[in-house]
Amino acid sequence: MSEQAPTDAAWRRLHERATEPYRKAGNFAWHFARGKLGRDPVFRGLVERGLIGEARGRVVDIGCGQGLFASLLSAMSAMQAQPGEWPASWPAAPKAARYTGIELMPKDVARAQASAGHLQPTPRFVCADMCKAELPPSDLVVILDVLHYVDLEAQEGVLRRVRVALQPGGRLLLRVGDAASRRGFAISQWVDRTVTRIRGHRVSPTWGRTLKDWMALLERLGFSVQSIPMSEGTPFANVLLVADLKEVE
Ligand SMILES: C[S@@+](CC[C@H](N)C(=O)[O-])C[C@H]1O[C@@H](n2cnc3c(N)ncnc32)[C@H](O)[C@@H]1O
């Protein structure tokens, strides 16, 4: 048996638990949840690296889609409550996160509500444009593959408001494409354009920055930033930025 096997089994249990709520929301929601959580390295990466943090209980997920992250948080909490289920090598996650998801597309919000809306503590799903939506005080803001839907000025506007919403000790988890990596970035743009056309978006997600520019922007806004490549097993050039509020002296 390989050394990886114990956490592989735990990950499969977490995957089952987190996708189960989508069964009742129809075939699309169910298959999408299973595929996305299973194939996108970011979710397991967040869990295994302990990037969420046990103490970060107020969570805002911007561009939350059908609310997968809400379901993942709930499944993590349930597994931690069961003796022997949570691997010793996985850092603890919040036991009862209070989650707000913000999403532009009404159909996604409806699927999020139908699937994850009954979880405890009850997640809140808001149908709104991230450029205008109110951001509640939070300990963790998650923005995965969303900012490139708006232009550079609007991206900065969102990040400035995130900076204000985050409370001391707060963290932003931001996944972006690195525009300096031409091939991977072009592939993700092509996929995104195709998907958004099918989903009925009015604008194409095309606004990118290089990793260097993303990091410089976040530093300028008052974060200290660490970057982690996060597109393993995919053809994309995605990077996860772990941006912690700098402490005020
Ligand atoms: C590529 S999906 C990522 C979904 C989710 N973050 C995930 O990782 O599974 C991008 C999401 O951002 C949403 N989005 C795009 N522009 C937005 C805006 N201005 N305000 C809120 N959500 C937006 C899209 O509708 C879509 O659900």
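P121 sits in the loop between α5 and β3, where helices (H or I, at least four residues) and strands (E, at least two) are DSSP runs numbered from the N terminus. The peptide bond leading into P121 from Q120 is cis, with omega near -10 degrees. That is worth a second look, because most peptide bonds are trans. The model is a predicted one, so local features need pLDDT of at least 70 and side-chain atom pairs count only at pLDDT 80 or more, while totals for chains, interfaces and linings use all residues. Residues are numbered from 1 along each chain as its sequence is written, and side-chain values use heavy atoms, with hydrogens and water left out.

The loop holding P121 belongs to a β-α-β unit: the chain leaves β2, passes through helix α5 (residues 106–116) and arrives at β3, in a right-handed crossover. Right-handed here means that, with the strands pointing away from the viewer, the path from the first strand over the helix to the second runs clockwise. Strand β2 (residues 98–103) and strand β3 (residues 124–127) are parallel, with 4 bridges between them; strands count as paired if DSSP finds at least two bridges. Within this pairing, T100 has R124 of β3 as its bridge partner. On the helix of the unit, α5, lies A110. A110 is partly exposed because its relative accessibility is 46%, on a scale where buried means under 20% relative accessible area, exposed over 50% and partly exposed in between (1.4 Å probe, protein chains only). From A110 to V239 the C-alpha distance is 29 Å, for a separation of 129 residues along the chain.

P121 turns up again in the search for empty space, being one of the residues that line the largest cavity. Rolling a probe the size of a water molecule over the atoms shows where empty space is left. The search uses a 1 Å grid over the protein atoms alone: a cavity is a set of points where a 1.4 Å probe fits but cannot get out, a pocket is an open set with protein on both sides within 12 Å along at least five of seven lines, and lining residues have an atom within 4 Å of a point. Grid points are joined across faces, edges and corners, and a volume is the space filled by probe spheres set on the points. With a threshold of 30 Å³ or more, the count comes to 1 cavity, and the largest has a volume of about 90 Å³. Its lining also includes Q120, P123, Y99 and K95. Helix α4 (residues 68–81) supplies the largest share of that lining, 4 residues. By class the lining splits into 8 nonpolar, 3 polar and 1 charged residues, counting Ala, Val, Leu, Ile, Met, Phe, Trp, Tyr, Cys and Pro as nonpolar, Asp, Glu, Lys and Arg as charged, and the others, Gly among them, as polar.

As for open sites, the second largest pocket comes out at about 300 Å³. It is lined by 16 residues, with P41, R44, G45, M230 and E232 the closest to its centre. Two elements, α2 (27–39) and α3 (41–49), each give two or more residues to this lining, and α3 has the largest share with 5. The class make-up of the pocket lining is 5 nonpolar, 5 polar and 6 charged. G45 is part of helix α3 and counts as buried because its relative accessibility is 12%. The C-alpha atoms of G45 and R58 are 20 Å apart, with the two positions 13 residues apart in sequence numbering.

Elsewhere, strand β7 (residues 238–245) is mostly covered, with 7 of its 8 residues buried. Strand β5 (residues 166–177) runs antiparallel to β7 and is joined to it by 7 bridges, R175 standing opposite L240. Strand β6 (residues 223–229) also pairs with β7 in the antiparallel sense, over 7 bridges, and P229 has V239 as its partner there.

One more backbone oddity is D145, which has a positive phi of about 60 degrees without being a glycine. D145 lies in the loop between β4 (138–144) and α6 (152–165) and is partly exposed, its relative accessible area being 22%.

Overall, the protein has 8 helices and 7 strands, and 52% of its 249 residues are buried. The radius of gyration is 17 Å, which agrees with the value near 18 Å for a compact globule of 249 residues; it is taken over C-alpha atoms, and the globule rule is 2.2 Å times the number of residues to the power 0.38.
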